[in-house]
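The exercises below are to be worked through with the sequence and the coordinates at hand. Each task is followed by a solution in steps.

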Amino acid sequence: MRHAARTRRAALAAALVAVTTAASLTAGCTRHRPPDDARAPARTVAPSASGTPTPTPTPTPASRAGSPLAVKIDNVAAARPQTGLGAADVVYAEQVEGGLSRLMAVYATRLPKAVGPVRSARESDLELLRQFHEPTLAYSGAQHRLLPLIGRAPLRAESPDDSADAYYRGAGRAAPHNLFLRPARLLPAAPGRPALTTGFRYGPAPSGGSPATTRTVRYPAASFAFTWSARRGGWLVSLDGGPAATTDAGRPAPATVVVQYVRVRSSRYHDMLGNHTPYTETVGSGRAEVLRDGRSFQARWSRPAATDGTEFTTVDGGPMNFADGQVWVVFAAASR
């Protein structure tokens, strides 16, 4: 009898170990992510034959009133023309691996039907986004060692792993340049202008400045050029030497362009080729150039802490107002 009881207990223990091991392996598989930049899982919702996605589900918990949507957007040649840039309130341009560029578009006053192509997040994005109250970050994924930092950041991270039904693969482009977001599946409505806690001020231009027709910012393997258009009342955007375009709003022409000189250093992370990711430091202070109304203004920027917005002043300390409308901020490396 005692031998039979011992046999039954041994069998039960073995079965328990097997179940635990299988559960552990399953959990490990669900958390595995491919390296950058095949970060977006294939499990995304495709449009129907008519090109219209399936009906929008009710967004998850509570409305994010006062919290804007930030989307990481691809900016290499294969990703153009982009979609949804025209609706952004602010577009940030940053340098990434290999001297290329990437965009982060922030939406508060209106949400476009689609945005993309969506790409991966970077460490410095977390610092930049601290100025907003619990923003929603839409991105395709991230370098696996960065994922815990994103998980601890005071934001709502929404990759295709988190909200597969909010993303779809567009036709006519190869991955990874074909991942698009339907913002209405993440936010019930645009939160409104109060969500733009950037520190920017809007109003009449200060006195002074110099007439300007064009301005170019160069990265090692990318460039941004802005040409004043009195007819559009904004600065026509060119990317890498050619006119920028969008699928839904024509050529971008922001009312204000800011060239913000910042420290750009290597981060702790790298891409799958071993290139270290640049870290763009947006906390601190430095010089800037503000383009508005066909003029260029020398300015200073200050952001004492990550939770602060960025204040821009004229060189004599007066307010540096931006023109009403879209703002592009291009981060450029400060000379040492």
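A residue counts as buried under 20% relative accessible area, as exposed over 50%, and as partly exposed in between. The model is a predicted one.

**Exercise 1.** Determine whether Gly208 is buried, partly exposed or exposed, and state which residues Gly208 touches beyond four places away in sequence.

Solution. Begin with the position: Gly208 belongs to the loop that runs between strand 7 (179-181) and strand 8 (210-211). The relative accessibility of Gly208 is 46%, and Gly208 is therefore classed as partly exposed. Leaving aside residues up to four places away in sequence, the contacts of Gly208 are Arg295 and Phe297. For Phe297, which is 89 residues from Gly208 along the chain, the separation of the two C-alpha atoms is 7.4 Å.

**Exercise 2.** Classify the geometry of the aromatic pair formed by Tyr219 and Phe224, and assign each of the two residues to an accessibility class.

Solution. The structure contains nine aromatic pairs. In the pair of Tyr219 and Phe224, the centres are 5.7 Å apart and the planes make an angle of 75 degrees. Planes over 60 degrees apart count as edge-to-face, and that is the class of this pair. Tyr219 has a relative accessible area of 8% and is therefore buried; Phe224, at 1% relative accessibility, is buried as well.

**Exercise 3.** Which residues form one aromatic cluster with Tyr202, and which residue lies over the face of Tyr202?

Solution. The cluster consists of Phe200, Tyr202, Phe312 and Phe322. Over the face of Tyr202 lies Arg193, at 5.6 Å from the ring centre.

Technical notes: Residues are numbered from 1 along each chain as its sequence is written. This is a predicted model: local features need pLDDT of at least 70, side-chain atom pairs count only at pLDDT 80 or more; totals for chains, interfaces and linings use all residues. Side-chain values use heavy atoms; hydrogens and water are left out. Helices (H or I, at least four residues) and strands (E, at least two) are DSSP runs, numbered from the N terminus. Buried means under 20% relative accessible area, exposed over 50%, partly exposed in between (1.4 Å probe, protein chains only). Contact means heavy atoms within 4.5 Å. Rings of Phe, Tyr and Trp (its six-membered ring) pair if their centres lie within 6.5 Å; planes under 30 degrees apart count as stacked, over 60 as edge-to-face and the rest as tilted. A charge sits over a ring if NZ of Lys or CZ of Arg is within 6 Å of the ring centre and within 35 degrees of the ring normal.
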